[in-house]
Amino acid sequence: MKVTLKIKEENTVETRQHEIEELNLIQITRAIKVIKDVMKLAQEDQNLKALFEDIFDAEQEEGLNADNLDQNFIQKLIGAMDVLLAEIPEKAFELLAILSDVEYEVFMQQKPDDVFDIYDAVIQVNDIEKLIKRAKKSLALTKSQVKVINLFNRGNQTEQKQA
């Protein structure tokens with residue numbers, strides 16, 4: 001799927017078509033690193049950590065809605081605002097630049113409406129849910145194989161001790 005990028009250099013603006021393609025392993029690896037950075041930010045900032053815990057607890061219990069926004073939640077949100085406004089958007093843009101395979105500096109020059117076009121194209125071209133399910137399936141298979149190997153290794157160790 002093609003998107004239009006506007007690239008500013010000095011006093012000129014060049015319009016270029018960019019093809020959004022399915023993710024490759026390099027993009028996935030780089031994306032995982034950015035997601036890990038976001039998780040690290042969440043773990044390091046106590047207000048943000050508490051905010052995420054409240055959000056996930058509320059979703060699991062009854063779903064997040066306006067009634068769940070109590071004073072404590074709002075205080076945590078305000079406390080985490082500096083990280084949410086300064087760090088998280090930058091990481092989100094970095095992640096989207098990686099997923100779209102657009103150079104970060106070029107990506108940051110785009111208008112918000114064009115960024116949403118890039119986001120939509122990434123979602124349409126890549127079945128993210130399918131990729132996650134596939135990764136979980138492979139991980140489960142790997143775990144089961146490791147368990148079987150460990151059982152055999154324990155059996156071998158027992159036989160060796162008896163001999």
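Read along the sequence, the chain runs β-β-α-α-α-α-α-α-α, a pattern that corresponds to seven helices and two strands. The model is a predicted one, and the exercises below work through it from the hairpin to the core and then to the helices.

**Exercise 1. The hairpin**

Task: Determine in which sense strand 1 and strand 2 pair, and over how many bridges.

Solution. Begin with the pairing itself: strand 1 and strand 2 are antiparallel partners, joined over eight bridges. Next, fix the register with individual residues, for which two positions serve: Val-3 has His-18 of strand 2 as its bridge partner, while Lys-6 stands opposite Thr-15, also in strand 2. Finally, examine the connection, where two residues lie between the strands of this hairpin. Glu-10 belongs to that loop, and its phi is near 55 degrees, a positive value in a residue other than glycine. With a relative accessible area of 84%, Glu-10 is exposed, since the cut-off for that class is over 50%.

**Exercise 2. The nonpolar cores**

Task: Find which residues of the largest nonpolar core touch the most other members, and which elements give two or more residues to this core.

Solution. The largest core holds 18 residues, and those that touch the most other members are Val-3, Leu-5, Ile-20, Leu-96, Phe-107, Ile-118 and Val-122. Two or more residues come from each of strand 1 (2–9), helix 1 (25–44), helix 4 (88–100), helix 5 (104–108) and helix 6 (112–125). Apart from this core lies another, of five residues, including Ala-42, Leu-48, Ala-80 and Val-83. As background, nonpolar side chains in soluble globular proteins tend to be buried together.

To see how one member is placed, take Ile-118 and leave aside residues up to four places away in sequence: Ile-118 then touches Val-3, Leu-5, Ile-20, Leu-96, Ser-100, Phe-107 and Gln-110. For the chain as a whole, 23% of the 163 residues count as buried, and among contacts with a separation of 6 or more, 55% join residues 24 or more positions apart.

**Exercise 3. The two sides of helix 6**

Task: Establish which residues of helix 6 are buried and which are exposed on the other side.

Solution. First check the geometry of the element: helix 6 has 14 residues and reaches 20 Å between its first and last C-alpha, close to the 20 Å expected at 1.5 Å a residue. Then sort its residues by accessibility, which gives Asp-114, Val-115, Ile-118, Ala-121 and Val-122 as buried. Because these buried residues cover an arc of only 120 degrees around the axis, they lie on the same side of helix 6. On the other side, Pro-112, Asp-113, Phe-116 and Gln-124 are exposed. The last step is to ask what the buried residues of helix 6 pack against, and the partners are strand 1, helix 4 and helix 5.

**Exercise 4. Helix 4 and what follows it**

Task: State how far apart the end C-alpha atoms of helix 4 are, and what its buried residues pack against.

Solution. Helix 4 has 13 residues, which at 1.5 Å a residue should span 18 Å, and the end C-alpha atoms are indeed 18 Å apart. Its buried residues are Lys-91, Leu-96, Ala-97, Ile-98, Leu-99 and Ser-100. These buried residues pack against strand 2 (12–19), helix 1, helix 5 and helix 6. Just after helix 4 comes Asp-101, with a positive phi of about 60 degrees. Asp-101 sits in the loop between helix 4 and helix 5, and at 47% relative accessibility it counts as partly exposed.

**Exercise 5. The aromatic pair**

Task: Decide how the rings of Phe-93 and Phe-107 are arranged, whether stacked, edge-to-face or tilted.

Solution. A pair of aromatic rings is described by the distance of the centres and the angle of the planes. Here the count comes to one aromatic pair. The ring centres of Phe-93 and Phe-107 are 6.2 Å apart and their planes stand at 50 degrees, so the pair is tilted. Phe-93 lies in helix 4 and Phe-107 in helix 5, 14 residues apart, and the pair thereby links distant parts of the chain. As to exposure, Phe-93 is partly exposed with a relative accessible area of 33%, whereas Phe-107 is buried with a relative accessible area of 1%.

Notes:
Residues numbered from 1 in each chain as written. Predicted model: local features only at pLDDT ≥ 70, side-chain atom pairs only at ≥ 80, totals over all residues. Heavy atoms only, no water. Core = buried A, V, L, I, M, F, W, Y, C linked by side-chain atoms within 4.5 Å. Buried < 20%, exposed > 50% of the residue type's maximum accessible area, 1.4 Å probe, protein only. Helix = DSSP H or I, 4+ residues; strand = E, 2+ residues; numbered from the N terminus. Contact = heavy atoms within 4.5 Å. Expected span 1.5 Å × (residues − 1). Arc of directions from axis to C-beta. Phe/Tyr/Trp six-rings, centres within 6.5 Å; stacked < 30°, edge-to-face > 60°. Pairing = 2+ DSSP bridges.
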